[in-house]
Amino acid sequence: MVSTEKFYSTLIKNKINFMTGVPDSCLKNFLNYINNKKITHVSAPNEGCAVSVGIGYHLKSKKIPLVYMQNSGFGNAIDPLTSLCAKEVYSIPLFILIGWRGAPNIKDAPQHSMVGETILRQLKLFKIKNITLKTDKDLKKISKLINLAKKNKIPVACLIEPKTFTKVKNS
C-alpha cells in the first residue's frame, strides 16, 4: 500500500497543486483526502475535458497539473493528448493519475478486463512514460517522473491499482 498523505506530500513538493479529473474507485482515498486541502481542484464531466482543463491551467501558469481518471476513460482523453499535449505538437506536460481497474491478476468486474489488459500498451503506443505505484518506496519514482515531464514537456502517467492508497481521516 501507499500512504495517501506521503503521495500528496510528494505532489506538493514537486509543485503540483492543481488537480482535475473524473473520479475513480481506485483513487477514492486520495480524492477524499484532497477534498479538504488548500489546492485548486476541478471536477470534470469526462476525461477529455479533464485533460483540456489541465492544458489550460498549464498554458496560464506554466505549471504541471495532475489529471486523474479511470483507465476506461483514457480513450476519451486520447484526442487532446495527441492533438495538443504531444511533444510533436504543443509539448504540454501533464501528470496523469490513472485508476487501473481490471489490472492483471486482480479480480475485478468483467467489463474492466479489456481496458485493464491493454492500458500499458496504449500508454506505450502514445509514448507516455509511466509507472505503477505499489509502495511508498515508489514515491521517489513519482518525483523522477514529474521531473521528466517538466524537462521534456511531455505527459506522463502513474497507474494506481485497486486498494493502493491507505485510508485517511480528513482534518
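A search of the whole structure, a predicted model, finds 0 disulfides. Cys 26 is in no disulfide, and the nearest cysteine sulfur, that of Cys 158, is 12 Å away. A disulfide is a covalent bond between the sulfur atoms of two cysteines. A pair counts as one when the sulfur atoms are within 2.5 Å. The sulfur of Cys 158 has its closest cysteine sulfur in Cys 26, and at 12 Å that is too far for a bond. Both residues lie inside the protein by accessible area. Cys 26 is buried, with a relative accessible area of 5%. Cys 158 is also buried, at 0%.

Nonpolar packing was examined next. In soluble globular proteins, nonpolar side chains tend to be buried together. The largest nonpolar core in this model holds 30 residues. Those that touch the most other members are Phe 7, Leu 11, Phe 30, Phe 95, Leu 97, Leu 133 and Ile 142. Both helices and strands give two or more residues to this core. The helices are H1 (4-13), H2 (28-34) and H6 (139-152). The strands are E3 (66-70), E4 (94-99), E5 (129-133) and E6 (155-160). H6 supplies the largest share, 5 residues.

Phe 95 illustrates the packing. With neighbours within four places in sequence left aside, Phe 95 is in contact with Phe 7, Leu 11 and Ile 16. Its contacts also include Ile 64, Pro 65, Leu 66 and Val 67. Further along the chain, Phe 95 is in contact with Ile 142, Leu 145, Ile 146, Val 156 and Cys 158. Another core lies apart from the largest one. This other core has 22 residues, among them Ala 44, Ala 50, Met 69 and Phe 74.

Val 53 is found in helix H3 (residues 47-61). At 30% relative accessibility, Val 53 counts as partly exposed, so it does not meet the cut-off for a buried residue, under 20%. Beyond its neighbours within four places in sequence, Val 53 is in contact with Phe 18, Thr 20 and Val 42. Val 53 and Ile 34 are 19 residues apart in sequence. Their C-alpha atoms are 18 Å apart in space.

Two lysines have a positive phi. Phi of Lys 62 is near 70°, a positive value in a residue other than glycine. Lys 62 is found in the loop between H3 and E3 and is exposed, with a relative accessible area of 59%. Phi of Lys 127 is near 55°, again a positive value in a residue other than glycine. Lys 127 is found in the loop between helix H5 (113-125) and E5. Lys 127 is exposed, at 63% relative accessible area.

Lys 127 also lines the largest pocket. About 250 Å³ of space lies in this pocket. Its lining further includes Leu 81, Thr 82, Ala 86, Lys 87 and Glu 88. Phe 126, Ile 128, Asn 152, Ile 154 and Pro 155 also belong to the lining. By class, the lining has 6 nonpolar, 2 polar and 3 charged residues.

The second largest pocket contains about 200 Å³ of space. Cys 26 is one of its lining residues. The lining also includes Met 1, Ser 25, Lys 28, Asn 29, Arg 101 and Asp 108. Pro 162, Lys 163, Thr 164, Phe 165 and Lys 167 belong to the lining as well. The residues divide into 4 nonpolar, 3 polar and 5 charged.

Conventions. Residues numbered from 1 in each chain as written. Predicted model: local features only at pLDDT ≥ 70, side-chain atom pairs only at ≥ 80, totals over all residues. Heavy atoms only, no water. 1 Å grid on protein atoms, 1.4 Å probe; cavity = no way out; pocket = protein on both sides within 12 Å on 5 of 7 lines; lining within 4 Å. Points joined across faces, edges and corners; volume = space filled by probe spheres on them. Nonpolar A, V, L, I, M, F, W, Y, C, P; charged D, E, K, R; others polar. Buried < 20%, exposed > 50% of the residue type's maximum accessible area, 1.4 Å probe, protein only. Core = buried A, V, L, I, M, F, W, Y, C linked by side-chain atoms within 4.5 Å. Helix = DSSP H or I, 4+ residues; strand = E, 2+ residues; numbered from the N terminus. Contact = heavy atoms within 4.5 Å.
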